[in-house]
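Here is a friendly walk through one protein chain, from its overall make-up down to a handful of individual residues. Please have a look at the structure first.

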Amino acid sequence: MTGNFLIGLREGLEAVLIVVLLLAYLKKSGRTALIPRIYAGIAVAVLVSLGFGALLTFGPRGLTFEAQEIIGGSLSIVAVGFVTWMVFWMARASRSLGTDLQNQVDRASDQKAWGLVLVAALAVGREGLETALFIWSAARATGQTWEPILGAGLGLLLAVLLGALIHKGALKINLSRFFTWTGAALIIVAGGVLAYGIHDLQEARVLPGLYSLAFDVSHIISPSSWLAAVLKGVFNFSPATTWLEAAAWVLYVIPVMWFYFRSVRRRGPHRDANAPRPVTAAS
């Protein structure tokens with residue numbers, strides 16, 4: 001639940017900040033009559049994301065166990081790729097995000113009505129599709145039912161609340177620091193999702209080594225205990241982990257985390273100096 005809350009909060013806040021930037025620019029440039037098009041685009045993005053989530057949830061039902069595991073494992077690995085790209089993209093593009101969106105708005109507002117709807121739908125929909133896929137993969141990894149949905153929903157609600165306060169100018173947060181540390185946390189969560197995706201493919205007999213365990217601490221941490229549930233929910237930790245799962249986690253988390261913080265350090269001082277600008281309504 002905690003991992004899904006983090007996913008919902010981070011991805012939701014990214015989408016909300018995009019909306020805040022779009023609305024603030026339209027108001028600042030005196031084009032408030034175009035604001036309904038932004039909301040129309042947001043509605044399209046939400047509907048598409050919900051439909052994608054429903055397809056992921058109900059689509060594989062009725063298939064054989066092996067087919068379900070192949071689909072689940074493959075999509076989990078794809079989700080890890082998306083969230084990794086998203087973390088690095090947000091870190092790299094955050095300084096120019098406002099300018100890029102403004103340029104898109106300027107081009108779209110001079111065209112047909114659906115142009116601005118498409119800008120909002122694509123900008124928000126990308127975050128929505130990534131969120132749906134990663135939450136679905138994380139929920140499969142934890143083996144829970146309603147808890148991941150609740151956690152993600154709470155994260156999204158908090159993101160919307162923060163976005164509303166930012167838009168009204170009632171709240172300022174250091175987005176650079178927020179996205180830096182939530183990005184690092186998501187890398188750890190993604191490592192667990194990757195390991196579980198590997199496990200799915202092992203159960204489907206696509207990959208070998210299902211019974212070759214790197215460690216088994218089930219006698220210390222019972223799979224049915226509250227501690228196992230917490231570790232599973234936060235880190236996707238399994239008391240019995242195969243060598244291939246452990247290798248995938250280590251080979252993903254350690255180098256990705258190193259490159260991530262290396263890129264953060266390279267742009268750190270300049271980014272911090274400009275961090276508050278995108279989060280005020282006046283900007």
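The report below starts with the whole chain, moves on to its pocket and surface, and ends with single residues.

**The chain as a whole**

Please keep in mind that this is a predicted model. The protein chain folds into 9 helices and 2 strands. Read from the N terminus, the order of these elements is α-α-α-α-α-α-α-β-α-β-α. The chain has 283 residues, and 47% of them are buried. Among contacts with a separation of 6 or more, 84% join residues that are 24 or more positions apart. On the outside, the chain exposes about 14,100 Å², with 69% of that area coming from carbon and sulfur atoms.

**The largest pocket**

Rolling a probe the size of a water molecule over the atoms shows where empty space is left. In this model, the largest pocket holds about 1,200 Å³ of space. Its lining counts 43 residues, and those closest to the pocket centre are L50, T131, A132, I135 and L156. Which helices each supply at least two residues of that lining? They are helix 1 (2-28), helix 2, helix 3 (65-93), helix 5 (113-142) and helix 6.

**A nonpolar patch on the surface**

V44, V48 and L129 together make a nonpolar surface patch of about 220 Å². One of these residues, V48, sits in helix 2, which spans residues 35-58. V48 has a relative accessibility of 47%, so it counts as partly exposed.

**Pairs that are far apart in sequence**

Three residue pairs show how the fold brings distant stretches of the chain together in space; their separations are listed here.

| Pair | Separation along the chain | C-alpha to C-alpha distance |
|---|---|---|
| G153 and N4 | 149 residues | 8.6 Å |
| R205 and E69 | 136 residues | 9.4 Å |
| H199 and T242 | 43 residues | 7.9 Å |

G153 belongs to helix 6, which covers residues 146-167. Its relative accessibility is 26%, and therefore G153 counts as partly exposed.

R205 is placed in the loop that links helix 7 (175-203) to strand 1 (213-216). Is R205 buried or exposed? With a relative accessibility of 77%, R205 counts as exposed. The backbone of R205 also deserves a look: its phi angle is near 65 degrees, a positive value in a residue other than glycine.

**H199 and E245**

The remaining member of the table to discuss is H199, which is located in helix 7. H199 counts as buried because its relative accessibility is 18%, and the cut-off for buried is under 20%. Leaving aside neighbours within four places in sequence, H199 is in contact with L210 and E245.

That second contact leads to helix 9, residues 243-274, where E245 is found. E245 has a relative accessibility of 5%, so this residue counts as buried. Which residues is E245 in contact with, beyond its neighbours within four places in sequence? The answer is A195, I198, H199 and Q202. The contact between H199 and E245 thus ties a residue of helix 7 to one of helix 9.

Notes
Residues numbered from 1 in each chain as written. Predicted model: local features only at pLDDT ≥ 70, side-chain atom pairs only at ≥ 80, totals over all residues. Heavy atoms only, no water. Helix = DSSP H or I, 4+ residues; strand = E, 2+ residues; numbered from the N terminus. Buried < 20%, exposed > 50% of the residue type's maximum accessible area, 1.4 Å probe, protein only. Patch = residues over 30% accessible without salt bridge, like charges linked within 9 Å, V, L, I, M, F, W, Y side chains within 5 Å. Areas by Shrake-Rupley, 256 points an atom, 1.4 Å probe, with all protein chains shown as cover. Salt bridge = Lys/Arg side-chain N within 4 Å of Asp/Glu carboxyl O. Contact = heavy atoms within 4.5 Å. 1 Å grid on protein atoms, 1.4 Å probe; cavity = no way out; pocket = protein on both sides within 12 Å on 5 of 7 lines; lining within 4 Å. Points joined across faces, edges and corners; volume = space filled by probe spheres on them.
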